[in-house]
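Here is a short report on a protein–DNA model. Look at the structure first, then read on.

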Number of protein chains: 2
Amino acid sequence: MSAEIEIQTTRTPLSRERVLLAAVDLADHEGADALSMRRLAAELGVVPMALYKHVANKDELLDGMIDVVVEEIDPPRTDTDWKSAVRDRILSARRALLRHPWASRVMESRTRPTPTVMSYMDSMIQMFTDGGFSIDLTHHVMHALGSRMIGFTQELFNDQTDPDTPIRPEMLEAMGAAYPSIYRLWKTVSHEDETIVGPGCDDQFEFEFALDLMLDGIERLKAADAG
Amino acid sequence: MSAEIEIQTTRTPLSRERVLLAAVDLADHEGADALSMRRLAAELGVVPMALYKHVANKDELLDGMIDVVVEEIDPPRTDTDWKSAVRDRILSARRALLRHPWASRVMESRTRPTPTVMSYMDSMIQMFTDGGFSIDLTHHVMHALGSRMIGFTQELFNDQTDPDTPIRPEMLEAMGAAYPSIYRLWKTVSHEDETIVGPGCDDQFEFEFALDLMLDGIERLKAADAG
DNA sequence: ACCTGAACACCGTTCAAGT
DNA sequence: ACCTGAACACCGTTCAAGT
């Protein structure tokens, strides 16, 4: 009773959830680099040490932030075959990751999975075994999918070439001399989709291309395993 | 002439190469976290600011370190088909990465490829086009392989469960309750290869499994593309 | 002209002093 | 018992003063 009144009269008290959501919000808007304990405290109108009442240290904060993202991933569909269910869920994971651009980098920095991530992996394994996969094949398939399971692109560089800075012609010619194969590929690809200004690749297409390449291969392995 | 004598009489002067090799050595032995400009300077018996004569800043240092690793990857074999050549080269890249455990994490933190990395990608593209792939298919295949091209495992967590700390039975039972599918998978897998103590997975096997899954799929796409 | 010590503006976290 | 300001041990990098 008196607690409720206090919430209304004083500023909302800190809680682990409020700390995590503020951290996610800060990272969403200003990037992972802007996220420091001191900065987050300032954002919450609180002294830095106050955070340590709700998270043991920065690592635990980052783990909690990852959990927020992973919890946004849709649960498995149960009204379809394993392949569509896995595909849809991974695409849902990708959407969650795109909503929080810092998440993949932060996730890569973690060394141990949180319970939330473990649960996600657990249900992913179950999708395969429920779909008729042997334990052995499920094991290898989980390794093969790896971080793609949570929507990682695994591109070599997601450098997001700034669309504001146009490519200067002399740069292209220098590139053609130094990297003839990259140049030839770039020229062909950018000539194709005139819809897109500049040499942008269609990230969503490439993600699904790679995902389907894996899933088709996995389907074939399953058939071979059964036969 | 006099320069040569000077090298012998004074301590070896700094050079970009000496800085980079010392940085790689430091990261190899003490991990990427130990690598600070100040610590590296101390290791070289030099004042921190002396480093800035040879690298513009820490980002450039990290780029240079990545280059050292990428330059260790074998050139493409020319005496075999595209599939074996690509496979062998990626396995060579993986060996380079295993020699420098910090490299994958550092590489993930870079946003723009260095010329050395560009050259590697260029020659990788050429391996496909020389092997008879269309430009379009080469493009998609490069995206699909992604960071696996330089030997990345892309595991969700490469946590390297400390072999010194044995798994406690009560932990396993708790795990069985919370994550039944992971537990079942773990139990089956660890029971199989009695050769390995504990629940270790065979990283090399899983890497080649995933790589071959991709390469087989790619081969099939190529056949479909031609037909 | 070159080199470098001190300083700046940050970190995450500890700890003791204050309420 | 709780909270928090100051302090500690670091960062990467700037800059002015010294040779």
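## Contacts with the DNA

In this predicted model, a polar backbone atom of A:Met37 sits 3.0 Å from a phosphate oxygen of DNA strand C. A:Lys58 also uses a polar backbone atom, again 3.0 Å from a phosphate oxygen of DNA strand C. Chain B reaches this strand as well. An N or O atom in the side chain of B:Lys53 is 3.4 Å from a phosphate oxygen of DNA strand C.

The full surroundings of DNA strand C draw on both chains. From chain A come A:Ser36, A:Met37, A:Arg38, A:Met49, A:Tyr52, A:Asn57 and A:Lys58. From chain B come B:Arg38, B:Val47, B:Met49 and B:Lys53. Of the atoms of DNA strand C that come within 4 Å of the protein, 43% belong to sugar and phosphate. By class, the surface near DNA strand C has five nonpolar, two polar and four charged residues.

Now turn to DNA strand D. Here chain B supplies B:Ser36, B:Met37, B:Arg38, B:Met49, B:Tyr52, B:Asn57 and B:Lys58. Chain A adds A:Arg38, A:Val47, A:Met49 and A:Lys53. Sugar and phosphate make up 46% of the atoms of DNA strand D within 4 Å of the protein. The nearby surface again divides into five nonpolar, two polar and four charged residues.

Which part of DNA strand D lies 2.3 Å from a polar side-chain atom of B:Arg38? It is a base nitrogen. B:Tyr52 and B:Lys58 instead have polar atoms by phosphate oxygens of DNA strand D, the former from its side chain and the latter from its backbone.

The table lists these polar contacts by residue.

| Residue | Protein atom | DNA atom | Distance |
|---|---|---|---|
| A:Met37 | polar backbone atom | phosphate oxygen, DNA strand C | 3.0 Å |
| A:Lys58 | polar backbone atom | phosphate oxygen, DNA strand C | 3.0 Å |
| B:Lys53 | side-chain N or O atom | phosphate oxygen, DNA strand C | 3.4 Å |
| B:Arg38 | polar side-chain atom | base nitrogen, DNA strand D | 2.3 Å |
| B:Tyr52 | polar side-chain atom | phosphate oxygen, DNA strand D | 2.9 Å |
| B:Lys58 | backbone N or O atom | phosphate oxygen, DNA strand D | 3.0 Å |

## How the two chains meet

A turn of 180° and a shift of 0.0 Å along the axis lay chain A on chain B, with an RMSD of 0.0 Å. The two copies are therefore related as by a two-fold rotation axis.

The contact takes 57 residues from chain A and 58 residues from chain B. Since 100% of the interface residues of chain A are also interface residues in chain B, the copies meet through the same surface. Together the chains bury about 5,500 Å², with 65% of that area on carbon and sulfur atoms. How many salt bridges link chain A and chain B? The count is zero. Polar contacts are found, though: 16 residue pairs across the interface of chain A and chain B.

## Domains within chain A

Chain A is assigned domain 1 (16-55), domain 2 (74-153 + 203-226) and domain 3 (160-200). The centres of domain 1 and domain 2 of chain A are 30 Å apart. Four residues of domain 1 contact four residues of domain 2 in chain A.

These two domains of chain A bury about 330 Å² between them, 71% of it on carbon and sulfur atoms. A:Val24, A:Asp28 and A:Ala32 supply 82% of the area that domain 1 buries against domain 2, more than any other three residues. Across this interface there are zero salt bridges and two residue pairs in polar contact. On the side of domain 1 that touches domain 2, three residues are nonpolar, none is polar and one is charged.

Definitions and conventions: Residues are numbered from 1 along each chain as its sequence is written. Chains are lettered from A and ligands numbered from 1 in the order in which they are written. This is a predicted model: local features need pLDDT of at least 70, side-chain atom pairs count only at pLDDT 80 or more; totals for chains, interfaces and linings use all residues. Side-chain values use heavy atoms; hydrogens and water are left out. Domain bounds come from an automatic or database domain assignment. Contact means heavy atoms within 4.5 Å. Buried area is the accessible area (1.4 Å probe) that two parts lose on being put together, summed over both. A salt bridge is a side-chain nitrogen of Lys or Arg within 4 Å of a carboxyl oxygen of Asp or Glu. A polar contact is a pair of N or O atoms within 3.5 Å; within protein, one must be able to donate a hydrogen and the other to accept it, and residues adjacent in sequence count only if both atoms are side-chain atoms. Ala, Val, Leu, Ile, Met, Phe, Trp, Tyr, Cys and Pro count as nonpolar, Asp, Glu, Lys and Arg as charged, and the others, Gly among them, as polar. Copies are superposed by least squares on the C-alpha atoms of residues with pLDDT of at least 70 in both. A residue is near a molecule or strand if one of its heavy atoms lies within 4 Å of it.
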